[in-house]
Every structure is written in structure tokens, then in C-alpha cells.
Amino acid sequence: MKDLSIIAPLYNEEESVKPLYEAIVRAVEPLQLDHEILFVDDGSKDGTFRVAGELAELDKRLRVLHFRRNFGQTPAMAAGIDHARGKILITMDGDLQNDPEDIPRFIEKIEEGFDIVCGWREKRQDKLVTRKIPRKSPIG
């Protein structure tokens, strides 16, 4: 069993995959934990799966799961969790909205005895109006 699994669902994140991978590695390597990174490609229509696969060929700590079509973030996250081998699981978005530099702080809290540690995005980069309100407003 690994010490740590970092899980990130990806959907059309071709431009973000490599920077995400590099940021995770920079954050986790100094911890000297036996870790893995799981990228779950949620049926991307761009080159996300190709880029993630190329990275996985260079780093055996990275595993890539691939959905043939888009199922959504929750099923992609669930698949990553199901395939994780770590004692500690850290989930994050594939678009770098979650900062991998926070990983050591999450690990510290787990080592203090907490069972669950949750981060909170203070400065969202997506558009609240187009992302949330249409889901909640009636069509008509």
C-alpha cells in the first residue's frame, strides 16, 4: 500500500495536465512519501489523454484512467478513489483551481490525527453566474 494517492479528474484539460503534474510532483517529492498520482480522463475530446499518457510513460508513479465518454466529475472522482492504493487520498480539480502546494498542509493535519481535511477555495477563478445560477434557475 502506498502512503499517498493524489486523484484528479480531467476533462478537456490538455493545457493544464503537464503544469498540474509538475506542481503535484514539486509539492509531494519533498515529503518523501511513497505516493502515486491518478489522473482520470473523463472522456476528453482534446489531447488530455494523450498528454497524460506521455507523462505516465516517463513517471511510473502516475497512472491514467480513461473514460470513453464524459460521465462528469463525480463519477471520475469515484473511479480514481476506487483505483487508489494510498492510505491517504487527496482529491483535486484538474484545472489547477486547487493548489498542490497545499498538499503538505493536508498531510500535517492527517498526521495530527484528523480523519478528514478539507480545503476551501477563497478566490474562485470560474464564473459563478454561468456555472451555478443556470443550474438553479427554472427554464421557462
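How many helices and strands does the protein chain have? The count is 6 helices and 4 strands. The legends below cover a predicted model.

**Figure 1. Overview of the predicted chain.** From the N terminus on, the elements follow the order β-α-β-α-β-α-β-α-α-α. The protein chain holds 140 residues, and 39% of them are buried. Among contacts with a separation of 6 or more, 74% link residues 24 or more positions apart. Average pLDDT for the protein chain is 90. A score of at least 70 is reached by 86% of the residues. Residues 128-140 stay under 50 in pLDDT. For that stretch the model has 4 contacts beyond four places in sequence.

**Figure 2. Strand β1 and its two partners, β2 and β4.** Strand β1 spans residues 2-10. Of its 9 residues, 7 are buried, so β1 is largely enclosed by the rest of the structure. With β2 (35-42), β1 runs parallel, joined by 7 bridges. L10 has D41 of β2 as its bridge partner. With β4 (86-91), the pairing is also parallel, over 5 bridges. Here I6 is matched with I90 of β4.

**Figure 3. Close-up of S5 in strand β1.** Is S5 buried or exposed? S5 counts as buried because its relative accessibility is 0%. Its side chain reaches the backbone nitrogen of R85 at 3.4 Å. R85 is also on the contact list of S5, beyond four places in sequence. That list further includes E36 and L38, together with A84, G86, I88, L89 and I90.

**Figure 4. The largest nonpolar core.** This core has 22 residues. L4, I6, I24, I37, F39 and I103 have the most contacts inside it. At least two core residues come from each of β1, α1 (14-28), β2, α2 (48-58), β4 and α4 (103-111). Which element gives the largest share? That element is α1, with 6 residues. A second, separate core has 9 residues, including V40, L65, A76 and M77. In soluble globular proteins, nonpolar side chains tend to be buried together.

**Figure 5. Surroundings of F39.** F39 is among the residues with the most contacts inside the largest core. Which residues does F39 touch, not counting those up to four places away in sequence? A8 and L10 are on the list. So are V17, L20, Y21 and I24. A52 is another. L62, R63, V64 and L65 complete the set. L65 itself belongs to the second core.

**Figure 6. Helix α1 and what covers it.** Helix α1 has 15 residues. From first C-alpha to last, α1 reaches 22 Å, close to the 21 Å expected at 1.5 Å a residue. Its buried residues are S16, V17, L20, Y21, A23, I24, V25, A27 and V28. An α-helix has 3.6 residues a turn, so residues three or four places apart point the same way. Strands β1, β2 and β3 (62-67) are among the elements that cover the buried residues of α1. Helices α2 and α4 also take part in this cover.

**Figure 7. Two loop residues with positive phi, N12 and L96.** Most residues other than glycine have a negative phi, and most peptide bonds are trans. N12 is not a glycine, yet its phi is positive, about 50 degrees. N12 lies in the loop between β1 and α1. Its relative accessible area is 33%, so N12 is partly exposed. For L96, phi is near 65 degrees, again positive in a residue other than glycine. L96 sits in the loop between β4 and α4. L96 is partly exposed because its relative accessible area is 35%.

**Figure 8. F106 in helix α4.** F106 counts as partly exposed, at 22% relative accessibility. Which residues does F106 touch, leaving out those up to four places away in sequence? I90, V117, C118 and G119 are the ones. F106 and C118 are 12 residues apart along the chain. Their C-alpha atoms are separated by 7.9 Å. I90 links this view to Figure 2, where I90 is the bridge partner of I6.

How values were computed: Residues numbered from 1 in each chain as written. Predicted model: local features only at pLDDT ≥ 70, side-chain atom pairs only at ≥ 80, totals over all residues. Heavy atoms only, no water. Core = buried A, V, L, I, M, F, W, Y, C linked by side-chain atoms within 4.5 Å. Buried < 20%, exposed > 50% of the residue type's maximum accessible area, 1.4 Å probe, protein only. Contact = heavy atoms within 4.5 Å. Polar contact = N/O pair within 3.5 Å; in protein donor to acceptor, adjacent residues only side chain to side chain. Expected span 1.5 Å × (residues − 1). pLDDT = per-residue confidence, 0-100. Pairing = 2+ DSSP bridges.
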